[in-house]
Amino acid sequence: MTDLDKIARNCRACVSDTTRLHSAKLDTSTALEILGYFSGRYRRGLVLYGGQLATPLFWGFKQMRKLTNDFDFVVSEPILVEMIGSEGLSYNPEYHIFFTYLDGIICCFTSGSIHGWDIPEDFFTMAAEFKIQGREISVCSREYTVALKFRRAVAGGGDLFGKDAIDIINIVSAPAFRKDLPPLDFGRTASIVLAHAGSGAVSLYSSLFEHLNHVPAPSQDTAMRELTRLFLLLRERAS
Amino acid sequence: MKVLASLFVSGAGDDLSAVAGLPIQLAFYKRADFRNFDHGSFVKRLRDEGIKVESVHAPAADVFHDHGGEFIGTIETIKKYYGVDVITVHPQRGTKQHARQLYRKIEERIRELGVIIAYETFEEAGDRRKWITQMEEMHRYFDAIRYDFLCVTYDFTHSSPETNLREIRKFNSRIRAIHLSDALSDRPLSLDETHQHLPLGYGDYPVLEFLKELEDINYRGLVILEYLPQYHHLLKKDSFLLAAYFMGNQEPLREEIFRRRGPGRREIKSPGELRPDPQPPAL
């Protein structure tokens, strides 16, 4: 397991107890510039994950909520060490993340684990490549993106954050609306959710329906159908 | 079948967040509320919140309020601002003969407006001064007087859990709306209705059996979730679970009802002790 505290000490990273969540609004062009910058410099060994993926730029089909104003990356340990020097990453020991600001937007980096969750090997092999501003960037698979959101809810005591519920709906429904996306492997998604979030994900499932009003009305029936497909597989495999 | 959430309002500034983005039944508590209501600005607020009014509930209005043309004026105002076809009213004190006479005066205008006046069903043992309360009685009487615009809103929790499935199988041709919620069958009838209008799964009424019956009779009208205000936070979730159910995706709703009726629920002593579902943390 990667010891981020030790890396911070060894690399003499600046330690900051609090991360200043930048209030500046992140627009799409700034997002593209930031992604283009990191993917250009560190393409290999860097995987984007988190709420940014539930947008039409990646796995979503609609901008269903306010664009999240941060970026989260998983990087390999050697890349992390390199970035501490080259990008001047600071370390937050409370959240166990390295971070920096680019164009006033916070960009967070971790290696080996995400908030105490050990990153499995297939997290990297399943990552997908997207072309952003002419540069390829690796992004977390849909299966793991959905699983991480369920995992956060189960680990946090059993409530899905509203934004996570909206992101799950967006990602699970997207292939029904976007012909450029391959179909989601519902069976594999269910297995990964159960393996990493546990069977508690099944009982959380109905709370997704609470947020279907964020889906445009003509698309709600399709979104319900896709959510139900995943639900049935989750329940079947959990039992 | 179209699923709606019901929201009672008393002023144009009322909080609409519980039903934002949903199709709804808009309900007005009192006749005075309705008269003084700023419908124009309210319609704009509804549009801003993505709320579509598909039906209106005017429980206090009835044909007996004919002084100054109040009843037909209410119907005209509803049609003008909300454009709905189905208006649910509660039967008030009066007689069938008097109601028929008064409807004769306004039947032409009602037909011009193209609206259905749907009378809500009530408990048999309830207020006996209401002019009509029972499903069979409404079907037989409305058929007899041949007013095609008089129909029925069947309130599931105003019915008897022992007879409601049989009742709806036999008499359903005039049902245009269902008021759906759950109820505790072992509680005495109370005026504050706290034993009924509970979220699906919070009571012991045969909810799933009733939904199946609606499919079996090929019901095609409105199904309206009508919950007590303290459970409005569940309206969005339950509306979509119910809509998914009628689309053939029945398991999420079944699961939710089973979960809510799980261990512990039966031991609850009074509806006031029912714990609402945990609210997600503020974003």
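This report describes how strands and helices are arranged in chains A and B of a predicted model.

**Confidence**

Because the model is predicted, its scores come first. The model as a whole has an ipTM of 0.71 and a pTM of 0.81. In chain B the mean pLDDT is 89, and 90% of the residues of that chain reach 70 or more. One stretch of chain B calls for caution, since pLDDT stays under 50 over residues 266–283, a segment for which the model has 38 contacts beyond four places in sequence.

**The barrel of chain B**

Strands of a sheet pair through backbone hydrogen bonds, either parallel or antiparallel. In chain B, 8 strands close into a barrel, following the order E1-E2-E3-E4-E5-E6-E7-E8, and their pairing is parallel. On average, and with direction ignored, neighbouring strands of this sheet are turned by 30° against each other. One of the pairings in chain B links strand E1 (residues 2–9) with strand E2 (residues 23–28); these two strands run parallel and are joined by 5 bridges. Within that region, B:Phe8 has B:Ala27 of E2(B) as its bridge partner.

A helix of chain B also meets this set of strands: H7(B) lies across strand E6 (150–155), strand E7 (175–180) and strand E8 (222–225) of chain B, and runs at about 165° to E7(B).

**Helix packing in chain B**

The table lists helix pairs of chain B with their packing angles and the separation of their axes.

| Helix pair in chain B | Angle | Distance between axes |
|---|---|---|
| H7 (residues 207–216) and H8 (residues 235–246) | about 45° | 11 Å |
| H2 (residues 39–48) and H3 (residues 70–82) | about 40° | 10 Å |
| H7 and H9 (residues 251–260) | about 155° | 11 Å |

How do H7(B) and H8(B) pack, and which residues make the contact? With an angle of about 45° between them, H7(B) is oblique to H8(B), and the crossing of these two helices is right-handed. From H7(B) the contact takes in B:Leu208, B:Leu211, B:Lys212, B:Leu214 and B:Glu215, while H8(B) brings B:Leu242, B:Tyr245 and B:Phe246. Sorted by class, the contact of H7(B) with H8(B) consists of 6 nonpolar and 2 charged residues, with no polar ones.

H7(B) packs on H9(B) as well, at an angle of about 155°, and that angle makes H7(B) roughly antiparallel to H9(B). Here B:Val207, B:Leu208 and B:Leu211 of H7(B) meet B:Leu253, B:Arg254, B:Ile257 and B:Phe258 of H9(B). The residues of this contact of H7(B) with H9(B) comprise 6 nonpolar, no polar and 1 charged.

Another pair in the chain is formed by H2(B) and H3(B), which pack at about 40°, and this makes H2(B) oblique to H3(B). H2(B) passes H3(B) in a right-handed crossing. The contact is built from B:His39, B:Gly40, B:Phe42, B:Val43 and B:Leu46 on the side of H2(B), and from B:Thr77, B:Tyr81 and B:Tyr82 on the side of H3(B). By class, the contact of H2(B) with H3(B) holds 5 nonpolar and 3 polar residues, and no charged ones.

**The open sheet of chain A**

Chain A has an open sheet of 8 strands, arranged in the order E1-E4-E5-E6-E3-E2-E10-E9, and the pairing in this sheet is mixed. Strand E1 (14–15) and strand E9 (128–132) of chain A stand at the edges with a single partner strand each, so one side of each is left without a neighbour in the sheet. Among the pairings of chain A, strand E4 (residues 90–92) and strand E5 (residues 97–102) run antiparallel and are joined by 3 bridges. In this pairing, the bridge partner of A:Ser90 in E5(A) is A:Phe99.

Where does helix H3 (residues 77–86) of chain A lie? H3(A) lies across strand E3 (70–75), E5 and strand E6 (105–110) of chain A, and runs at about 125° to E3(A).

Terms used
Residues are numbered from 1 along each chain as its sequence is written. Chains are lettered from A and ligands numbered from 1 in the order in which they are written. This is a predicted model: local features need pLDDT of at least 70, side-chain atom pairs count only at pLDDT 80 or more; totals for chains, interfaces and linings use all residues. Side-chain values use heavy atoms; hydrogens and water are left out. Axes are lines fitted to C-alpha atoms, for helices over the stretch in contact, and angles run from 0 to 180 degrees between N-to-C directions. Helices (H or I, at least four residues) and strands (E, at least two) are DSSP runs, numbered from the N terminus. Angles under 35 degrees count as roughly parallel, over 145 as roughly antiparallel, 65 to 115 as roughly perpendicular and the rest as oblique. A crossing is left-handed if the near helix is turned anticlockwise from the far one by less than a right angle, and right-handed if clockwise. Contact means heavy atoms within 4.5 Å. Ala, Val, Leu, Ile, Met, Phe, Trp, Tyr, Cys and Pro count as nonpolar, Asp, Glu, Lys and Arg as charged, and the others, Gly among them, as polar. Two strands pair if DSSP finds at least two bridges between them. pLDDT is the predictor's confidence in each residue, from 0 to 100.
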